[in-house]
Amino acid sequence: GINAEYGKQWYQRRVRAIEAHHGHENSALVYNFLHDFFINNDGLSKLVCWQTFRFSQIEGTVNGVPSLHITCNFTTAMLQQPSLQKQLFSVCLLSHLAVQYPIQQTLQSCNEMLSWAIAQSGQMSIVWTLLSLESF
């Protein structure tokens with residue numbers, strides 16, 4: 001099987017390849033590779049997301065890798081992790097998924113996430129961090 005550290009390193013190498021080739025055509029090739037790899041390796045997209053990656057890479061990855069839409073199935077489960085970084089990553093990832101894939105499944109995940117956010121509203125540090133996500 002694929003272990004967590006390998007999955008994270010693998011994804012980061014692919015993202016560096018995208019960044020090294022800023023051209024749209026090269027990025028599209030890498031995103032297509034990631035899409036095919038996620039489809040052919042069940043669970044890898046979940047592993048990569050649970051390990052998280054840079055916030056600045058979320059939008060491009062969501063837009064360029066269509067198979068990533070399945071990750072909305074577990075973004076709310078990531079909120080139960082004690083790591084604030086994983087919680088915030090989950091919120092940011094789901095927000096981009098919701099814009100890119102406005103489907104019932106994503107709406108349901110957004111509703112669950114909003115319920116979680118309301119329950120957390122007593123913890124102002126989370127609210128302020130959510131408001132400043134653009135700084136990531």
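Contact here means heavy atoms within 4.5 Å.

**Figure 1. Overview of the predicted chain, an all-in-order run of helices α-α-α-α-α-α-α-α from the N terminus on.** The model is predicted. The chain has 8 helices and 0 strands. Among contacts with a separation of 6 or more, 67% join residues 24 or more positions apart. Buried residues make up 39% of the 136 residues. The chain exposes about 7700 Å². Carbon and sulfur atoms supply 55% of that area.

**Figure 2. Close-up of T76 in helix α5.** Helix α5 covers residues 75-78. T76 has 13% relative accessibility, so it counts as buried; the cut-off for buried is under 20%. The T76 side chain makes a polar contact with the side chain of E112, at 3.0 Å. Neighbours within four places in sequence are left aside for the contact list of T76. The list then holds S90, S109, E112 and M113. E112 thus appears both in this list and as the polar partner of T76.

**Figure 3. Helix α6, residues 84-100.** This helix has 17 residues. At 1.5 Å a residue, helix α6 should span 24 Å. Its end C-alpha atoms are 24 Å apart, so the expected and modelled spans agree. The buried residues of α6 include an unbroken listing from Q87 through L88, F89, S90, V91, C92 and L93 to L94. L97 is buried as well. One of these buried residues, S90, is also in contact with T76.

**Figure 4. The F33 and F37 ring pair in helix α2.** The structure holds 4 aromatic pairs. In the pair shown, the ring centres of F33 and F37 are 5.7 Å apart and the planes meet at 25°. The pair is therefore stacked, as planes under 30 degrees apart count as such. Both residues lie in helix α2, residues 24-40. They are 4 residues apart, about one turn of the helix. F33 has a relative accessible area of 37% and is partly exposed. F37 is at 22% relative accessibility, so F37 also counts as partly exposed.

**Figure 5. An aromatic cluster of F53, F55 and F89.** These residues form one cluster. F89 is a residue of helix α6, where it is buried.

**Figure 6. K46 over the ring of F74.** The view centres on a charge and a ring. The charged end of K46 sits over the F74 ring. The distance from that charged end to the ring centre is 5.5 Å.

Methods
Residues numbered from 1 in each chain as written. Predicted model: local features only at pLDDT ≥ 70, side-chain atom pairs only at ≥ 80, totals over all residues. Heavy atoms only, no water. Helix = DSSP H or I, 4+ residues; strand = E, 2+ residues; numbered from the N terminus. Buried < 20%, exposed > 50% of the residue type's maximum accessible area, 1.4 Å probe, protein only. Areas by Shrake-Rupley, 256 points an atom, 1.4 Å probe, with all protein chains shown as cover. Polar contact = N/O pair within 3.5 Å; in protein donor to acceptor, adjacent residues only side chain to side chain. Expected span 1.5 Å × (residues − 1). Phe/Tyr/Trp six-rings, centres within 6.5 Å; stacked < 30°, edge-to-face > 60°. Lys NZ or Arg CZ within 6 Å of the ring centre and 35° of its normal.
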